[in-house]
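Biologist: Could you walk me through this one? I'd like to hear the reasoning behind the labels.
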Amino acid sequence: MQSQTKRRLSPEDLDALMSGSVGVGCRLETELTDGWFNTAYRVLLDDGRVAVVKLAPSADASVLRYERGILATEAMVYRRIAALPDGGVPTPELFYAGREFLAVSVLEGAPWDKAADRLPRATERALRRELGAITARLHTLAPEDGRFGYPAAESALSAPDWRTAFTAMVDALLDDAARWQSPLGATPAEIRTLVAEGGYALDEVTEPRLVHFDLWPGNIFIDVPDDGNRRPRIVGLIDHERAFWGDPAAELVSLAFGGDTGPDSDLVTGYTEAGGILDFTPAFRHRLALYHLYLGLLLVIECGPRGYGPDHLAFCRRTLADNLAGLRALG
């Protein structure tokens, strides 16, 4: 995917960046073009390991407020996941992290969206249950400081309670929307009112948990053996940069791009069997509608700084319109 936030380096400059930062250079093999925000390269490190190097946008690139410092957030998530017992959340291994890049291991398999047409229905259902269990284990991670919101200090989007943090997150997007003249289909005043009306539901969330918030099928790698001797399995979650400390219910928003996330779904069955709790009360459903609104806003507004074309913007606007309608219906 082409994006104005992507920063590209020559093989020589990439090698110099790695060598100067962590003392291990690399040989560039190919650019990985599926990403939407950062540039990613497959490289051979001087220490003999094959890796993916992910580059942050240049310092003068235009980004949304929540995107400030998110490369460090991703590195933090890799470290926190690595400390979980028994490899309960599969993800690449973090090899090196610098101010401008990450180097992680290469996963087996393929992104779920590229392997979906090879999956029998029964296999897909089993993988959704497995994904639910992995997500529940991811949600055991909590912030060390007990605060809600985005981890990176550069965003200044954290607070001691979820209502305050989430309201600030929405306000930051609305400020970005004004900057980029984003077509939202609603006034900022109406959006703020809709968020305020859900305050009672947000107040039910008292313990922050790590929310990936980008678990669409392209960020979930699966291994589908050709010989039939092993069962397909999930081998890794990638792109943790959008993660925040918040309500586990928010995870269902991006997970819904891959299939049913309702109370009787395979995903929720796997989640609850692994010890997670998702209680589909009216307040829970109100919060979920707010999180759908948040993602819809994010998708439309990021089209400005990233320079996405009219077709993608139209898709994002339809998503936001549907999510706005769902939230308005609650009133």
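**Labels and the values behind them**

Modeller: Sure, and keep in mind that this is a predicted model. Let me start in a loop: D239 sits between β11 (233-237) and β12 (244-246).

Biologist: What makes the phi of D239 worth a remark?

Modeller: Its sign. D239 has a positive phi of about 55 degrees, yet it is not a glycine. Most residues other than glycine have a negative phi.

Biologist: Which loop holds F213?

Modeller: The one between β9 (209-211) and β10 (220-223). F213 is not a glycine either, and its phi is positive, near 70 degrees.

Biologist: Why is F213 called buried?

Modeller: Buried means under 20% relative accessible area. F213 has 2%, so it counts as buried.

Biologist: On to the sheet with the order β1-β2-β3-β5-β4. What makes β1 and β4 its edges?

Modeller: Count partners. β1 (26-32) and β4 (94-97) each have a single partner strand, so one side of each lacks a neighbour in the sheet. The sheet is open, with five strands in antiparallel pairing, and its twist averages 25 degrees from one strand to the next.

Biologist: How do you know that β2 and β3 are paired?

Modeller: Bridges decide that: two strands pair if there are at least two bridges between them. Strand β2 (residues 39-45) and strand β3 (residues 50-55) have six, in the antiparallel sense, so they qualify as a pair. In one of these bridges T39 has L55 of β3 as its partner.

Biologist: What lies across β3, β4 and β5?

Modeller: Helix α2 (residues 70-82) does, and it runs at about 30 degrees to β5 (101-105). Angles under 35 degrees count as roughly parallel, so α2 is roughly parallel to β5.

Biologist: Why is α6 called roughly antiparallel to α10?

Modeller: Helix α6 (residues 188-197) and helix α10 (residues 282-306) pack at an angle of about 150 degrees, with their axes 10 Å apart. The cut-off for roughly antiparallel is over 145, so α6 earns that label against α10. The crossing of α6 with α10 is left-handed.

Biologist: Which residues meet where α6 packs on α10?

Modeller: From α6 there are I191, L194, V195 and E197; from α10, H286, L290, L293 and L297.

Biologist: How do the residues of that contact divide into nonpolar, polar and charged?

Modeller: Six are nonpolar, one is polar and one is charged. Glu counts as charged, so E197 is the charged one.

Key. Residues are numbered from 1 along each chain as its sequence is written. This is a predicted model: local features need pLDDT of at least 70, side-chain atom pairs count only at pLDDT 80 or more; totals for chains, interfaces and linings use all residues. Side-chain values use heavy atoms; hydrogens and water are left out. Helices (H or I, at least four residues) and strands (E, at least two) are DSSP runs, numbered from the N terminus. Axes are lines fitted to C-alpha atoms, for helices over the stretch in contact, and angles run from 0 to 180 degrees between N-to-C directions. Contact means heavy atoms within 4.5 Å. Angles under 35 degrees count as roughly parallel, over 145 as roughly antiparallel, 65 to 115 as roughly perpendicular and the rest as oblique. A crossing is left-handed if the near helix is turned anticlockwise from the far one by less than a right angle, and right-handed if clockwise. Buried means under 20% relative accessible area, exposed over 50%, partly exposed in between (1.4 Å probe, protein chains only).
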